[in-house]
Amino acid sequence: MTATSDLDDSFHVFDTTLRDGAQREGINLTVADKLAIARHLDDFGVGFIEGGWPGANPRDTEFFARAQQEIDFRHAQLVAFGSTRRAGTTADQDPQVKALLESGAPVITLVAKSHDRHVELALRTTLDENLAMVRDTVSFLKEQGRRVFIDCEHFFDGYRANPEYAKAVVRTASEAGADVVVLCDTNGGMLPAQIQAVVSTVLADTGARLGIHAQDDTGCAVANTLAAVDAGATHVQCTANGYGERVGNANLFPVVAALELKYGKKVLPDGHLREMTRISHAIAEVVNLTPSTHQPYVGLSAFAHKAGLHASAIKVDPDLYQHIDPEQVGNTMRMLVSDMAGRASIELKGKELGVDLGGDRELIGRVVERVKERELKGYTYEAADASFELLLRAEVQGGPLRYFEVESWRAIVEDRPDGSHANEATVKLWAKGERIVATAEGNGPVHALDSSLRVGLEKIYPQLAKLELVDYKVRILEGKHGTNSTTRVLISTSDGTGEWSTVGVADNVIAASWQALEDAYTYGLLRAGVAPAE
């Protein structure tokens, strides 16, 4: 089912994640994946979703059939992608043109050659026949009631080689009835000033409605897209999170944010820009790629502040070091705690974590010195909020949170003659006045320690049954070499509703892991609302 957009037609946001974005190395979308992403994009409010090339492969053909039955599009129109008719035939007899019609998509994007060398070497036809292929296919599809966009492939390279022919393709498509003619920087080699100059000239010389499709090979795809808008383009083609072939395409999210927040263009339905961070991360989950933490607007670090100077200013007014309010795009400001931290950083971080330091300068000063002292030894708190919160609470209440007291622990790795290994750990601890000795095996010594700690404590604290170690990172710190190096371990733990990270540092990986595990379990009990032992 296709939506009627609640925005006017003066400017288009066109998403091609399901076609061009799917060409990224490492992405292999199933039909179910494509349907899920299409729903997310429609929720975001883009105007057009290019679903793929029906007839080119069974998966895309199935997608179009299912999308129109299973998705109630509220904002987007579904777009089918294909090429102009083959040389020497007619559009009504071309099988792939028929497949475009059979997809049922109300909008069709046709890729057309606009570079003279590509016409002669790739299509192996004449320049005049290529123009006829564009004219015939566009006019035929328009007669069938379809809206038609034309992607002029390799346009900017073609314009450099033969500007008059490149413009002839644009003019032919527009005169045949194409709603938009999209100028494609297919090789991604253009720079913003070049894009702006060419788009301005083509617009003046042809009068066609122009769009832009930019690849990111120079790292300028977003800038090139906006430069084209500055020159008069009213249709932007992008992909979620910049996915695409080679290094990717213009990233949908910074383009849309710039258009809405910097240009003042209304390109999304009211309130939908606030969904941007959620949508970006949801699509990353579907394609099974970790979201980029440093992505503009939607990245975890997009509004993260580390320097004490920044924190002091932000405490007075967050706008002093932020170009927008992160809530506008559904993100949040974060304070990072490190050896660069000052009093303002600690106070703001405490507020973020729900620990009121009450403006106590002496207390805040102790925390600052404690952080710097521990980071000098190799700890890092910017990636371990849970460990920092435990440190902060210990300073506030005059001692660490205690749910259990560890008497001793040990881990044994047994190397067997057949080459296999046995890993066993034993922990001796006290909890609620009871001495506990627990032994467990594991896939490795750290897993065995984790298992033994869980076995020992779950009888006292059943809340720990929900905890799961979800990530484990080891880093050898600078200063020493080889097996004598200091080791830092970061552990991420989940209780099914949230995730937190803890850190441990020691001269061996097992001891560092044990520290991080202790913090992980302590924080898990704190999250569960369990009162510490007296």
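Here is a walk through this predicted model, from the whole chain down to a few single residues and then to its empty spaces.

Let's start with the big picture. The chain has 534 residues, and 54% of them count as buried. It holds 17 helices and 16 strands. If you lay the C-alpha trace along its principal axes, it spans about 90 × 60 × 45 Å. Now look at how the chain contacts itself: of the contacts with a separation of 6 or more, 68% are between residues 24 or more positions apart.

A good place to zoom in is helix α9, which covers residues 221-230. How many of the residues of α9 are buried? Seven of the 10 are, so the helix is largely enclosed by the rest of the structure. The buried set is made up of Ala221, Asn224, Thr225, Leu226, Ala227, Ala228 and Val229. What do those residues pack against? Their partners are strand β6 (180-185), helix α8 (192-206), strand β7 (210-214), strand β8 (235-238) and helix α10.

That last partner deserves a slower look. Helix α10 runs over residues 252-262, and α9 packs on it at an angle of about 35°, with the two axes 9 Å apart. The crossing of α9 past α10 is right-handed. On the α9 side, the contact is made by Val222, Thr225, Leu226 and Val229, while α10 brings in Pro254, Val255, Ala258 and Leu259. By class, that contact comes out as seven nonpolar residues, one polar and no charged. Once you step off the end of α9, keep an eye on the backbone: Gly232, just after the helix, takes a positive phi of about 120°.

Between β8 and α10 there is a loop with some backbone angles of its own to check. Asn241 sits in this loop, and its phi is positive, about 60°, although it is not a glycine. Arg246 is in the loop between β8 and α10 as well, and it also has a positive phi of about 60° without being a glycine. Are these two residues buried or exposed? Asn241 has 13% relative accessibility, which is under the 20% cut-off, so it counts as buried. Arg246, with a relative accessible area of 45%, is partly exposed, because that value falls between the 20% and 50% limits.

Now jump back towards the start of the chain, to Asp15. This residue belongs to strand β1, residues 12-15. Its relative accessible area is 0%, so Asp15 is buried. Which residues does Asp15 touch, leaving aside those up to four places away in sequence? The list reads Leu41, Val46, Phe48, Ile49, Glu50, Cys238, Thr239, Ala240 and Leu252. If you want a distance to try in your viewer, take Asp15 and Asp128: they are 113 residues apart along the chain, and their C-alpha atoms are separated by 31 Å.

That leaves the empty space. Rolling a probe the size of a water molecule over the atoms shows where such space is left. Counting cavities of 30 Å³ or more gives one. The largest cavity holds about 40 Å³ of space. Around it you will find Asp450, Arg454, Leu467, Glu468, Leu469, Ile491, Thr493, Leu517, Ala520 and Tyr521. Which elements supply at least two residues each to this lining? They are α16 (445-458), β14 (468-476), β15 (487-494) and α17 (509-527). Helix α17 gives the most, with three residues. The lining of this cavity divides into six nonpolar, one polar and three charged residues.

Helix α17 turns up again at the second largest pocket, where α14 (361-376), α15 (385-397) and α17 each supply at least two lining residues. This second largest pocket has about 500 Å³ of space. It is lined by 19 residues, and the closest to its centre are Arg374, Leu390, Leu391, Pro400 and Asp519. Here the largest share of the lining comes from α15, with five residues. Sorted by class, the pocket lining has 10 nonpolar, three polar and six charged residues.

Note on methods: Residues numbered from 1 in each chain as written. Predicted model: local features only at pLDDT ≥ 70, side-chain atom pairs only at ≥ 80, totals over all residues. Heavy atoms only, no water. 1 Å grid on protein atoms, 1.4 Å probe; cavity = no way out; pocket = protein on both sides within 12 Å on 5 of 7 lines; lining within 4 Å. Points joined across faces, edges and corners; volume = space filled by probe spheres on them. Helix = DSSP H or I, 4+ residues; strand = E, 2+ residues; numbered from the N terminus. Nonpolar A, V, L, I, M, F, W, Y, C, P; charged D, E, K, R; others polar. Axes fitted to C-alpha atoms, helices over the stretch in contact; angles between N-to-C directions. Left-handed = near helix turned anticlockwise from the far one by under 90°. Contact = heavy atoms within 4.5 Å. Buried < 20%, exposed > 50% of the residue type's maximum accessible area, 1.4 Å probe, protein only.
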